[in-house]
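This briefing goes through the packing, the charged side chains and the aromatic pairs of one protein chain, grouped by topic. Please read it alongside the model itself.

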Amino acid sequence: MAKRSDRDAVEIKKVVTLANGTKKPMSFYGATKQKAIKKYEQFLIDQSKEVQKKTIVYFSDVADEWLTTKEGAVQPATYNGYKYKVEAMKVQWNDTLIDEIRDADIKRYLNKLSKDQSENTVRKVIIYLNAIFEFAISNELLIRNPMKDTKLPVIARKPKKPKWYAKKQYRDWE
């Protein structure tokens, strides 16, 4: 292998999954750590495109397949909860290829969802989305999970009425 010049002084080592599904340790070089990470991310995008050449898969198809694996494996009430939330997600990404969904798309969706839904609902959506993308990875439909760095958005909580009142407070609520 050719010797790296001083301008490519930073090396990051990663174990990557190739388009054929095999895992391989690789090194990525750059002048800075940021540039080396960019090269690694570009490699992942290129690998994802290789996988895409093999199959064109929509989010809704993967979500339905994931739901199928849950049927019978969980209680009926739990399955119905999964199904309800997945149907709502499919409205957002029904005709979107699964490998075209990016971190920014997910964050936009979660921020929109957090304005109308409870924190618990948003948490469940994050869990289900993560599970669907991990399912796609395990079935070699994706290389990278776009949910990897996704965090719960800040949700403004509605003030609750106190459970106990002083006489003056009680009169104020009336």
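In this predicted model, the largest nonpolar core has 28 residues, and the members that touch the most others are Phe59, Met89, Leu129 and Phe133. At least two residues of this core come from each of α2 (59-70), α3 (76-93), α4 (103-116) and α5 (119-138), with α5 giving the most, namely nine residues.

**Nonpolar cores**

- Phe59, one of the residues with the most contacts to other core members, touches Met89, Lys90, Trp93, Thr96, Leu97, Ile98, Ile101, Leu129, Ile132 and Phe133 when residues up to four places away in sequence are not counted.
- A second core, separate from the one described above, consists of eight residues, among them Ile12, Ala36, Tyr40 and Leu44.

**Helix α5**

- The buried residues of α5 are Glu119, Thr121, Val122, Val125, Ile126, Tyr128, Leu129, Ile132, Phe133, Phe135 and Ala136, and the elements that cover them include α2, α3 and α4.
- The 20 residues of α5 should span 28 Å at 1.5 Å a residue, where the expected span is taken as 1.5 Å times one less than the number of residues, and the distance of 29 Å between the end C-alpha atoms agrees with this.
- After α5 comes Glu140, a residue with a positive phi near 60 degrees.

**A buried lysine in α3**

- Lys85, which lies in helix α3, is buried yet has no salt bridge, and the nearest side chain of opposite charge is that of Glu87, 13 Å away.
- A salt bridge requires a side-chain nitrogen of Lys or Arg within 4 Å of a carboxyl oxygen of Asp or Glu, so the distance of 13 Å from Lys85 to Glu87 does not qualify.
- With its neighbours within four places in sequence left aside, Lys85 is in contact with Thr121, Lys124, Val125 and Tyr128.

**Salt bridges**

- The count of salt bridges comes to five, and a network of such bridges links Asp64, Glu87 and Lys90.
- Glu87 and Lys90 form a salt bridge with an N to O distance of 3.4 Å, and because these two residues are three residues apart in helix α3, about one helical turn separates them. Glu87 is partly exposed, with a relative accessible area of 36%, whereas Lys90 is buried, with a relative accessible area of 11%.
- In helix α4, Asp103 and Lys107 are four residues apart and so separated by about one helical turn, and their side chains meet in a salt bridge at 3.1 Å, N to O. Asp103 is partly exposed at a relative accessible area of 23%, and Lys107 is partly exposed at 37%.
- In helix α5, Arg123 and Glu119 lie four residues apart, about one turn of the helix, and their side chains meet in a salt bridge with an N to O distance of 2.5 Å. Arg123 is partly exposed, with a relative accessible area of 42%, while Glu119 is buried, with a relative accessible area of 19%; the value for Glu119 falls under the 20% that marks a residue as buried.

**Aromatic pairs**

- The structure holds eight aromatic pairs. In one of them, the rings of Phe28 and Tyr40 have centres 5.3 Å apart and planes at 65 degrees, so this pair is edge-to-face; the edge-to-face class takes plane angles over 60 degrees.
- This pair links distant parts of the chain, since Phe28 belongs to strand β2 (residues 23-30) and Tyr40 to helix α1 (residues 33-54), twelve residues apart. Phe28 and Tyr40 are buried.
- Trp93 and Tyr109 form a tilted pair, with 4.8 Å from centre to centre and 55 degrees between the planes. Because Trp93 lies in helix α3 and Tyr109 in helix α4, this pair ties together parts that are 16 residues apart in sequence.
- Both Trp93 and Tyr109 are buried, and ring pairs link these two residues with Phe59 and Phe133 into a cluster.
- Phe59 and Phe133 from this cluster are also among the residues that touch the most other members of the largest nonpolar core.

Key
Residues are numbered from 1 along each chain as its sequence is written. This is a predicted model: local features need pLDDT of at least 70, side-chain atom pairs count only at pLDDT 80 or more; totals for chains, interfaces and linings use all residues. Side-chain values use heavy atoms; hydrogens and water are left out. A nonpolar core is a set of buried Ala, Val, Leu, Ile, Met, Phe, Trp, Tyr and Cys residues joined through side-chain atoms within 4.5 Å. Buried means under 20% relative accessible area, exposed over 50%, partly exposed in between (1.4 Å probe, protein chains only). Contact means heavy atoms within 4.5 Å. Lys and Arg count as positive and Asp and Glu as negative; His and the chain ends are not counted. Rings of Phe, Tyr and Trp (its six-membered ring) pair if their centres lie within 6.5 Å; planes under 30 degrees apart count as stacked, over 60 as edge-to-face and the rest as tilted.
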